[in-house]
Amino acid sequence: VVQYPATRFLPSPFSIYFPRTQWALVYWDDLVLIFVDRRLKGFQGFIRTNEFQLVQPDADPDYWLKTVWSKASPKTKTRSHEEFLRNAVQHPESWRARLWVNTTS
């Protein structure tokens, strides 16, 4: 469980500290993100069901749009938007989820 950085970073800082090859993002709201170590036995089903594979909710939206979104395939854009929508449904009061849904719409 980690809190968002106090300052805004351009790239996602957690992409460095929690590389998706080793860590699965399984929860995020306006206060925290939860990553699960992929090597932990017994969590594979949980990861398959709950992982946010493509989103980086800690990234600066403008930077993310220019560096990630602009180069993404239509399929990846659709899947990313669906992940943001899934989180917005889970957390309808979340300003961060609304920000990302609007950013990718």
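Glutamate 51, at 10% relative accessibility, counts as buried in this structure, which is a predicted model. Its partner in a salt bridge is arginine 38, and the closest N and O atoms of the two side chains are 2.2 Å apart. The pair links distant parts of the chain, since arginine 38 belongs to the loop between strand 3 and helix 2 (44–50), whereas glutamate 51 belongs to the loop between helix 2 and helix 3, 13 residues apart. Arginine 38, with a relative accessible area of 25%, is partly exposed. Side chains of opposite charge can pair when their charged atoms come close.

A search of the whole structure finds 2 salt bridges. In addition to the pair just described, arginine 39 forms a salt bridge with aspartate 37, where the closest N and O atoms are 2.8 Å apart. The surroundings of these two residues can be stated separately: arginine 39 counts as exposed at 58% relative accessibility, while aspartate 37 counts as buried at 12%. Aspartate 37 also has a place in the sheet, where this residue of strand 3 is the bridge partner of tryptophan 23.

The sheet itself is open and is formed by 3 strands in the order 1-3-2, with antiparallel pairing. Strand 1 and strand 2 stand at the edges, each with a single partner strand, and therefore one side of each is left without a neighbour in the sheet. Between strand 2 and strand 3 the antiparallel pairing extends over 5 bridges, and a hairpin joins these two strands through 3 residues. On the other flank, strand 1 (residues 2–3) pairs with strand 3 in the antiparallel sense over 2 bridges; here valine 2 stands opposite leucine 33 of strand 3, and glutamine 3 stands opposite valine 32 of strand 3. Strand 3 is mostly covered, with 5 of its 6 residues buried. In a regular strand the side chains alternate between the two faces of the sheet.

Contacts between aromatic rings were examined next, and the structure holds 10 aromatic pairs. One of them is formed by phenylalanine 18 and phenylalanine 35, which are stacked, with 4.5 Å from centre to centre and 5° between the planes. This pair connects distant parts of the chain, as phenylalanine 18 is in the loop between helix 1 (14–17) and strand 2 (23–28) and phenylalanine 35 is in strand 3 (residues 32–37), 17 residues apart. Phenylalanine 18 has a relative accessible area of 16% and is buried, and phenylalanine 35 is buried with a relative accessible area of 10%. Tryptophan 64 and tryptophan 100 form an aromatic pair in an edge-to-face arrangement, at 5.1 Å centre to centre and with 85° between the planes. Because tryptophan 64 lies in helix 3 (residues 61–67) and tryptophan 100 in helix 5 (residues 95–103), the pair ties together parts that are 36 residues apart in sequence. Tryptophan 64 and tryptophan 100 are both buried. These two tryptophans also belong to a cluster in which ring pairs link Trp28, Phe52, Trp64, Trp69, Phe84 and Trp100.

Contacts between charged groups and rings add to this picture. Phenylalanine 52, a member of the ring cluster, has the charged end of arginine 86 over its ring, 3.9 Å from the ring centre. Arginine 96, which is found in helix 5, lies over the face of tyrosine 4 at 3.5 Å from the ring centre. The side chains of arginine 96 and tyrosine 4 are, in addition, joined by a polar contact of 3.5 Å. Arginine 96 is buried yet has no salt bridge, and the nearest side chain of opposite charge, that of aspartate 30, is 4.4 Å away; a salt bridge would require a side-chain nitrogen of the arginine within 4 Å of a carboxyl oxygen, so a separation of 4.4 Å is not counted as one.

How values were computed:
Residues numbered from 1 in each chain as written. Predicted model: local features only at pLDDT ≥ 70, side-chain atom pairs only at ≥ 80, totals over all residues. Heavy atoms only, no water. Phe/Tyr/Trp six-rings, centres within 6.5 Å; stacked < 30°, edge-to-face > 60°. Helix = DSSP H or I, 4+ residues; strand = E, 2+ residues; numbered from the N terminus. Buried < 20%, exposed > 50% of the residue type's maximum accessible area, 1.4 Å probe, protein only. Lys NZ or Arg CZ within 6 Å of the ring centre and 35° of its normal. Pairing = 2+ DSSP bridges. Lys, Arg positive; Asp, Glu negative; His and termini not counted. Polar contact = N/O pair within 3.5 Å; in protein donor to acceptor, adjacent residues only side chain to side chain.
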